[in-house]
Amino acid sequence: MLTAQALVNNLIYQHTKGNHSITLLDIGIGRGIQIIRLLKLLNQISDLEQVNIIGIELFEPALTHTTNQLQQLSEVLR
(Lines give C-alpha, C1' and ligand atoms only; values in the text may rest on other atoms or scores of the structure.)
Protein backbone atom coordinates (compact mmCIF):
# COMPACT_ATOMS: atom_id res chain seq x y z
CA MET A 1 0.00 0.00 0.00
CA LEU A 2 1.23 3.46 -0.78
CA THR A 3 2.32 5.48 2.23
CA ALA A 4 0.01 8.37 1.31
CA GLN A 5 -2.99 6.03 1.09
CA ALA A 6 -2.17 4.49 4.46
CA LEU A 7 -1.81 7.94 6.01
CA VAL A 8 -5.15 9.15 4.62
CA ASN A 9 -6.94 5.93 5.56
CA ASN A 10 -5.61 6.14 9.12
CA LEU A 11 -6.72 9.77 9.44
CA ILE A 12 -10.21 8.90 8.23
CA TYR A 13 -10.25 5.94 10.63
CA GLN A 14 -9.31 8.14 13.59
CA HIS A 15 -11.94 10.78 12.75
CA THR A 16 -14.64 8.16 12.19
CA LYS A 17 -14.46 6.70 15.69
CA GLY A 18 -17.55 7.58 17.69
CA ASN A 19 -19.79 7.95 14.61
CA HIS A 20 -22.62 5.59 13.80
CA SER A 21 -22.91 6.62 10.14
CA ILE A 22 -20.57 8.32 7.66
CA THR A 23 -20.58 9.25 3.98
CA LEU A 24 -17.41 9.03 1.91
CA LEU A 25 -16.98 10.96 -1.33
CA ASP A 26 -14.25 9.54 -3.58
CA ILE A 27 -13.60 11.62 -6.68
CA GLY A 28 -11.68 9.44 -9.10
CA ILE A 29 -12.49 6.18 -7.33
CA GLY A 30 -10.84 4.20 -10.12
CA ARG A 31 -10.81 0.47 -9.43
CA GLY A 32 -11.63 1.04 -5.75
CA ILE A 33 -8.37 -0.21 -4.29
CA GLN A 34 -8.05 2.49 -1.64
CA ILE A 35 -11.74 2.59 -0.69
CA ILE A 36 -11.79 -1.19 -0.22
CA ARG A 37 -8.75 -1.00 2.07
CA LEU A 38 -10.43 1.83 3.97
CA LEU A 39 -13.68 -0.11 4.38
CA LYS A 40 -11.80 -3.10 5.79
CA LEU A 41 -10.12 -0.77 8.27
CA LEU A 42 -13.38 0.96 9.20
CA ASN A 43 -14.99 -2.43 9.78
CA GLN A 44 -12.95 -2.58 13.01
CA ILE A 45 -14.99 0.29 14.52
CA SER A 46 -17.75 -1.44 16.46
CA ASP A 47 -20.01 1.67 16.73
CA LEU A 48 -19.98 2.31 12.98
CA GLU A 49 -23.22 0.91 11.56
CA GLN A 50 -23.47 2.50 8.11
CA VAL A 51 -21.03 3.74 5.48
CA ASN A 52 -22.40 5.47 2.39
CA ILE A 53 -20.04 5.73 -0.55
CA ILE A 54 -20.31 8.22 -3.37
CA GLY A 55 -17.78 7.27 -6.03
CA ILE A 56 -17.13 9.40 -9.07
CA GLU A 57 -15.22 7.91 -12.00
CA LEU A 58 -15.16 8.88 -15.67
CA PHE A 59 -13.86 5.50 -16.91
CA GLU A 60 -17.00 3.35 -16.95
CA PRO A 61 -15.26 -0.08 -16.88
CA ALA A 62 -13.37 0.95 -13.73
CA LEU A 63 -16.57 2.15 -12.08
CA THR A 64 -18.33 -1.11 -12.98
CA HIS A 65 -15.43 -3.10 -11.54
CA THR A 66 -15.48 -1.05 -8.34
CA THR A 67 -19.23 -1.41 -7.96
CA ASN A 68 -18.92 -5.19 -8.25
CA GLN A 69 -16.02 -5.27 -5.77
CA LEU A 70 -17.95 -3.19 -3.24
CA GLN A 71 -21.04 -5.39 -3.58
CA GLN A 72 -18.94 -8.48 -2.90
CA LEU A 73 -17.22 -6.80 0.04
CA SER A 74 -20.55 -5.77 1.56
CA GLU A 75 -21.50 -9.44 1.78
CA VAL A 76 -18.31 -10.22 3.73
CA LEU A 77 -18.21 -7.28 6.13
CA ARG A 78 -20.68 -7.11 8.99
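**Exercise 1.** Does Ile27 count as buried or exposed, and at what relative accessibility?

*Solution.* Keep in mind that this is a predicted model. Start by locating the residue: Ile27 lies in strand S1. Next, take the cut-off: a residue is exposed when its relative accessible area is over 50%. Ile27 has 63% relative accessibility, so Ile27 counts as exposed.

**Exercise 2.** Work out which side chains of S1 share a face with Ile27.

*Solution.* Begin with a general idea: side chains in a regular strand alternate between the two faces of the sheet. Now apply it to S1: Ser21, Thr23, Leu25 and Ile27 point to one face and are not buried. Ile22, Leu24 and Asp26 point to the other face, and these are buried.

**Exercise 3.** Find the nonpolar surface patch that includes Ile27, and name the strands that supply it.

*Solution.* First, list the members: Leu25, Ile27, Ile54 and Ile56 make a patch of about 400 Å². Then look at the strands: S1 (21–27) and S2 (50–56) each supply at least two residues of this patch.

**Exercise 4.** Describe how S1 and S2 are paired and connected.

*Solution.* The two strands pair in the parallel sense, over seven bridges. To get from S1 to S2, the chain passes through helix H2 (residues 33–42), and this β-α-β crossover is right-handed.

**Exercise 5.** Is Asn9 buried or exposed, and which side chain does its own side chain contact?

*Solution.* Asn9 sits in helix H1 (residues 3–16). The cut-off for buried is under 20% relative accessible area. Asn9 counts as buried because its relative accessibility is 3%. Finally, its side chain makes a polar contact with the side chain of Gln34, at 3.1 Å.

Notes: Residues are numbered from 1 along each chain as its sequence is written. This is a predicted model: local features need pLDDT of at least 70, side-chain atom pairs count only at pLDDT 80 or more; totals for chains, interfaces and linings use all residues. Side-chain values use heavy atoms; hydrogens and water are left out. Helices (H or I, at least four residues) and strands (E, at least two) are DSSP runs, numbered from the N terminus. Buried means under 20% relative accessible area, exposed over 50%, partly exposed in between (1.4 Å probe, protein chains only). A polar contact is a pair of N or O atoms within 3.5 Å; within protein, one must be able to donate a hydrogen and the other to accept it, and residues adjacent in sequence count only if both atoms are side-chain atoms. Patches are made of residues with over 30% relative accessible area and no salt bridge: like charges are joined within 9 Å, nonpolar side chains (Val, Leu, Ile, Met, Phe, Trp, Tyr) within 5 Å. Accessible areas come from the Shrake-Rupley method with a 1.4 Å probe; for residues, only the protein chains shown count as cover. A salt bridge is a side-chain nitrogen of Lys or Arg within 4 Å of a carboxyl oxygen of Asp or Glu. Two strands pair if DSSP finds at least two bridges between them. A crossover is right-handed if, with the strands pointing away from the viewer, the path from the first strand over the helix to the second runs clockwise.
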